[in-house]
Structure formats: structure tokens, C-alpha cells
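Hi everyone, thanks for coming. I'd like to walk you through a structure that you probably haven't seen before, so have a look at it first.

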Amino acid sequence: MILAIETSCDDTCAAVLDGDRLLSSVVSSQTRFHARYGGVVPEVASRHHLELINPVVAEALSRADARTRDLSRIAVTTSPGLIGALLVGVATAKSIAWASRAALVPVSHLEGHIAANYLPPEPVEPPFICLIASGGHTSIVHVRQRGAFELLGQTLDDAAGEALDKGGRLLGLDYPGGAELDVLAAGGDPAITRFPVGLDRPDSLDFSFSGVKTALYYFLRDLEPEQVQRHRADIAAAYQAAVVTALVRKVLAAARLWNCRQICLAGGVSANSELRRRLQAECGREALKLRVPPPELCTDNAAMIASAARFLPAIPFPEYLSLGARASGGRAA
Ligand code: KG4
Ligand code: ZN
């Protein structure tokens, strides 16, 4: 039985996994505390994690009807993320592992998002290309076997979700605006203008979303307020189309380059209806299989961290006591 903890950004999460059975998954979202600032404030996130982590872990154990002595592994996200937020999870995981003499598994957040695909209801078998698109990351990885991945491309500046959130903000939506922008764009005509698709070249699987954001800023600046109001949905649709086009083109290019027949999605942006519609259509045309985990496994959660921990090496008691966290990619030493 694995207890997993995830505190890399603004969700305090714990889950219990027994083999293939997810016994509990608790997510306490801090979004409302950060909304007034228009984004996640790292220090506020760390303080809320400190207050929430013990009740969230207790709730996950209680829902699973598990005690700490039942646990063979404690898994925890050690990178990448907000350093103060990560450290709350790592310190908690070490304490529980120490008290129960369990082994500890450090997990990278990206490995977690990928491993959401290995959970029921439809566990995916590698090989596959995975697009991880959230408020904090945009990466394309090639997965040949569970527990390993190769990074093919990533954003050089903003994440896709961050670009959608910031675009939503320019259009007057509350943080995080991605989901609302999706709804607004559904009623609009993207033909109103064409926003730039970053790094749209065949030799790169990397992304850049800072240009499209700036283009939206200038486009709105040059319109009369009345025109902005009248065309809000159209502008949202054109903006979303530029972000989605980048994601769709690059993930399909990766599948072709690596001759891979299966594409998986991960991260909060996989909820986007335009992304799903376009990828579904393109995958149908190219006879590729598209797999999307249920929404609660796409956004940040600890079930995915527990899932990844099944395929990663564990550090035995008590060698993990010096374990740290890292804000950038890779697993912590
Ligand atoms: O994976 P996630 O919950 O947390 C991070 O690690 O960031 O992703 C949150 C991101 C936010 O940027 C949010 O606006 C975006 O996912 N998002 C969406 C939709 N639902 C959530 N973006 C576009 N369309 C949606 N329907
Ligand atoms: Zn995430």
C-alpha cells in the first residue's frame, strides 16, 4: 500500500493506492486564496500547505481505511515546483516514513502526470507520446516503458495553461481563466484575427507562448472598448486557437517522428474542449489512438504520484532523511 503526497504548487493532495486499486484521493485546492492576486503566490501556498497537509493526509488514510503501519511506501513529489511548497510535502513524507519504517519514493511531478495514465479505469500500456500541459508545465515526452520517459520538447517561457489564464485575464476573466476562456471561445468565431503560433517550425518540439500573449495585449489595446465587448468571444476563440494549434501540431509531429501510434494527455489543459476536439479529429485521420484520463486525474492530484511510485526505485529507511526538493526538473538527490 502506497501513501502519496503532492504539494508542488497550490493543491494540497494525498492519496492511498493498493496495487491497482485507488483507495482514496484527497485534493484541497487553494485557488480561492490566490485568485485575488491573479496567480499563485509562493509564500501563501507554502503557508496553506503547512496548515492543510496533516488533515489532508489523515482524510486520505481514513477514506482508505488504512493505518500508517499498513504502508510499505511513502511517495512524494520532490521536483519541479515551488520550493517552499515542495518542502512541506517532503518533510511530511519523511516524518511518516520514519514513524512507520516505510521506504520513501521521490517522484518528479512530470512522472506523476504521465503515470496518471496507468491508473484505472483504462490503464495505458507504453509506448506512447504524452503531452503534459498545465498551468506550470508544457512538455512532450516519449514513454517506452513505465517508470521512464524521454523529454522531447518543452516550453521556453510560459506554460500553455499560464498563457490561457493570462489571456483570460486580459479579456476580463477571473484567475484561473483557462476553463472560462474555453466556454467563452465556444461561442466565438476565431476568424476575427490570426494570432501567432510560437516556434512553428518543423525542427522544434519546443513551445513558446509569450508572443501570442503580447499579440493579444496589442490587439485589445488597438480596439475601442465597445468593439472588445462585442467581439470578446471571437477574440477568445482566436487566442485559444493559436495556443491549441501549437499543442496539436507539436504532439502530432512527435508521434510521426518517433513512429508512435498512441498519444496520451496530462495536466489541467487536457480538459480544453477545443484541444480534445482537434486532437481527436487529427488522431482519427492518422489512425492514432488518443487516451485522456478522467478530469480528476488530469489536474494535480496525489493518485498520480502513487501510481508513478509503483515503477520507481524506493529509498529504504532511514537513508532518505537527507532528501531535499528541487524547484527545477529532475529528481532530488
Ligand atoms: O494541472 P493543473 O490543475 O495545475 C497545474 O499544475 O498548473 O492545471 C491548471 C491549468 C490552469 O492554467 C487552468 O486554467 C487550465 O489548467 N485549465 C484549462 C481548462 N481547465 C483547466 N485550460 C483550458 N481549458 C480548460 N477547460
Ligand atoms: Zn501539474
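I'll go through the two sheets and then turn to the ligand. One thing to keep in mind: what you're looking at is a predicted model.

Let's begin with the sheet that holds strands 1 to 5. It's an open sheet of five strands, the order is 3-2-1-4-5, and the pairing is mixed. At the edges you'll find strand 3, residues 21-29, and strand 5, residues 103-108, and each of those pairs on one side only. Going from one strand to the next, the twist averages 20°.

Now zoom in on strand 2, residues 11-18. Strand 2 runs antiparallel to strand 3, and eight bridges link the two. If you want a spot to click on, Thr12 sits opposite Ser28 in strand 3.

What about helices here? Helix 3, residues 83-100, packs on this sheet and touches strand 1, strand 4 and strand 5, with a direction about 160° from that of strand 4. Then there's helix 2, residues 42-64, which lies across strand 1, strand 2 and strand 3 and runs at about 25° to strand 2.

Okay, on to the other sheet. This one is open too, with five strands in the order 8-7-6-9-10 and mixed pairing. Which strands stand at the edges? Those are strand 8, at 150-154, and strand 10, at 289-291; each has a single partner strand, so one side of each is left without a neighbour in the sheet. The twist averages 20° from strand to strand.

Strand 9, residues 262-266, pairs with strand 10 in the parallel sense, over three bridges. There, Gln262 is opposite Lys289 in strand 10. Helix 9, residues 232-257, packs on this sheet and touches strands 6, 7, 8 and 9, and its direction makes about 155° with that of strand 6.

Last stop, the ligand. How many residues surround ligand 1? There are 17, and Asp165, Asp182 and Asn272 are among the closest. By type, the shell splits into nine polar, five nonpolar and three charged residues.

For specific contacts, look at the oxygen atoms of ligand 1. One is 2.6 Å from a polar side-chain atom of Asp165. Ser134 has a side-chain N or O atom 3.4 Å from a ligand oxygen, and for Gly178 a polar backbone atom is 3.2 Å from one. Of the 550 Å² of accessible area that ligand 1 has on its own, the protein covers 86%. The elements giving two or more residues to the shell are helix 5, 160-170, and helix 6, 178-186.

That's my tour, thanks!

Technical notes. Residues are numbered from 1 along each chain as its sequence is written. Chains are lettered from A and ligands numbered from 1 in the order in which they are written. This is a predicted model: local features need pLDDT of at least 70, side-chain atom pairs count only at pLDDT 80 or more; totals for chains, interfaces and linings use all residues. Side-chain values use heavy atoms; hydrogens and water are left out. A residue is near a molecule or strand if one of its heavy atoms lies within 4 Å of it. A polar contact is a pair of N or O atoms within 3.5 Å; within protein, one must be able to donate a hydrogen and the other to accept it, and residues adjacent in sequence count only if both atoms are side-chain atoms. Accessible areas come from the Shrake-Rupley method with a 1.4 Å probe; for residues, only the protein chains shown count as cover. Helices (H or I, at least four residues) and strands (E, at least two) are DSSP runs, numbered from the N terminus. Ala, Val, Leu, Ile, Met, Phe, Trp, Tyr, Cys and Pro count as nonpolar, Asp, Glu, Lys and Arg as charged, and the others, Gly among them, as polar. Two strands pair if DSSP finds at least two bridges between them. Axes are lines fitted to C-alpha atoms, for helices over the stretch in contact, and angles run from 0 to 180 degrees between N-to-C directions. Contact means heavy atoms within 4.5 Å.
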